[in-house]
Structure formats: C-alpha cells, structure tokens
Amino acid sequence: MKLSGKLNEFDILDLLNEYQSELRKLKYKTDFVRRKVAELEEQYNAVKLKKGKARAENSTNPGSSDEEGQASPLLEGGIEAIAPKGKRGRPRKEKLVDLTPKTRKPYPLSIWDTMILQSLEENGKAMLSKTIIEQVKQKATEAGIFDSEEKLKSKVNQCLVKLANKRNDIKKVNYKGKGFGYALPVWYDEKGKLTKEHMLK
C-alpha cells in the first residue's frame, strides 16, 4: 500500500482503528434500530388484527329487531340513523366523563417529618413552631444530620406545611402571639376542639 506523504505508518494505523471503531458503533446502532422497527411492526400488526376481529364480530351481530318485528334503526340506517348529528351530518363525538374518584397518594414521611411527629408525641401537648424547631434541632444533631440554623428552620417549616395541609397528620392551633401552634389530630374531641390536657402551655 502506498502511504501518503503527510501520514506515517502509525498515523494510518490510528485512523484505521478509529474508523473500525466507528463502524462497530454504527453497526450496533443499525441493529438496535432494526430490532425496534421489528417490534413496532409486530405491535402494529397485533393492533390491526384485533381491530379486524372486532369489525368481523360486529358485522355478524348487527343488532336485533324490536318486539313488533320492526327492524331497529341500526339496521335501517346504520349508526348515523341513531347518532346525534353535528355539522355536515357527521355524528357528534360524545365526551366521556370519568366518574372514578381521583385520590392522590399521600406524600411519604421524611426523616424531618418523623422527628416533628415524635416531638409532639413526646411533649404530649400542642407546640409552637419555634419549640418544634428547637426539639428537631436536638434530634438532628444527635442523628448527625444538622447543617445550619437557617436550613433547619426552612426544612421544618416546609414539613409543617406538608404535614398540616397535604397529609393532615397535624393540625394548626391558633395562638395569640406570632406564628401557629401544632397538635396531633387525636388530641381533638368529637366537636373538633382541642382537649384541655393537650392545649398550648
């Protein structure tokens, strides 16, 4: 093989290795695309076959006549005879309403949520947010996850909002001073009032 004046033997070997590597990559991509195309074709054929069977079943059982022996509107004029018509004589598409009740999955409890709930249970009474922050700080320090006062306050306040508004694991308690108190739902009586033994100190 006659070598170019600009490339020596090692340069050519490097280029050959690089091109062969690219060819292997392209071959892999080509094989991958072919597999995907084959899978999609199989899915398409399966859907097409299913629709064909459904049409065949409908054609063999078009409908029955009424009690007086008269043919039903479906036999006489097809679907258009009984379907409400919109513009240009086409049947209007009826909107399907999903009546299934939608329930959201509850937000999972984090370690911070757990520490807040533990603080309330241990205290046995409603607590102000600043008191909760103090107790959670102590627990976080013991667990080795305390970072800074600012981050701790932000995290606890976010968790209080989640627990009270999104999970309903705690309830807000009105307080004359600044902020809110928080209590466990089991501390409320049948009338929805916080019992005396669980009130803020």
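Me: Is Lys139 buried or exposed in this structure?
Reply: This is a predicted model, so take the numbers as computed from it. Lys139 has a relative accessible area of 16%, and the cut-off for buried is under 20%. That makes Lys139 buried.

Me: Which residue does the side chain of Lys139 meet in a salt bridge?
Reply: The N to O distance for this pair is 3.0 Å, and a salt bridge needs the two atoms within 4 Å. Lys139 sits in helix α5, residues 129–143. Its partner lies in helix α4, residues 111–123, and is exposed, with a relative accessible area of 55%. The partner is Glu122.

Me: How many residues apart in sequence are the parts that this pair ties together?
Reply: Glu122 belongs to α4 and Lys139 to α5, so the salt bridge links two helices. The separation in sequence is 17 residues.

Me: What about the other salt bridges: how many does a search of the whole structure find?
Reply: Asp147 and Lys151 make one of them, at 3.0 Å from N to O, and both of those residues are exposed. Arg167 and Asp169 make another, with their closest N and O atoms 2.4 Å apart. Arg167 has a relative accessible area of 21%, so this residue counts as partly exposed. Over the whole structure, the number of salt bridges is five.

Me: Back to α4: how far does the helix reach from its first C-alpha to its last?
Reply: α4 has 13 residues. At 1.5 Å a residue, the expected span is 18 Å, and the helix comes close to that. The reach in the model is 18 Å.

Me: Which elements do the buried residues of α4 pack against?
Reply: The buried set in α4 includes Trp112, Met115, Ile116 and Leu120. Residues three or four places apart on an α-helix point the same way, because there are 3.6 residues a turn. The buried residues of α4 pack against β1 (127–128), α5, α6 (149–166) and β3 (181–183).

Me: Which residue follows α4 with a positive phi?
Reply: Its phi is near 75°. The backbone oxygen of this residue is also reached by the side chain of His198. The residue is Gly124.

Me: At what distance does the side chain of His198 reach that backbone oxygen of Gly124?
Reply: His198 is placed in the segment after β3 and is buried, with a relative accessible area of 17%. Leaving out residues up to four places away in sequence, His198 touches Gly124, Lys125, Ala126 and Trp187. From the His198 side chain to the Gly124 backbone oxygen, the distance is 2.8 Å.

Technical notes
Residues numbered from 1 in each chain as written. Predicted model: local features only at pLDDT ≥ 70, side-chain atom pairs only at ≥ 80, totals over all residues. Heavy atoms only, no water. Helix = DSSP H or I, 4+ residues; strand = E, 2+ residues; numbered from the N terminus. Buried < 20%, exposed > 50% of the residue type's maximum accessible area, 1.4 Å probe, protein only. Expected span 1.5 Å × (residues − 1). Contact = heavy atoms within 4.5 Å. Polar contact = N/O pair within 3.5 Å; in protein donor to acceptor, adjacent residues only side chain to side chain.
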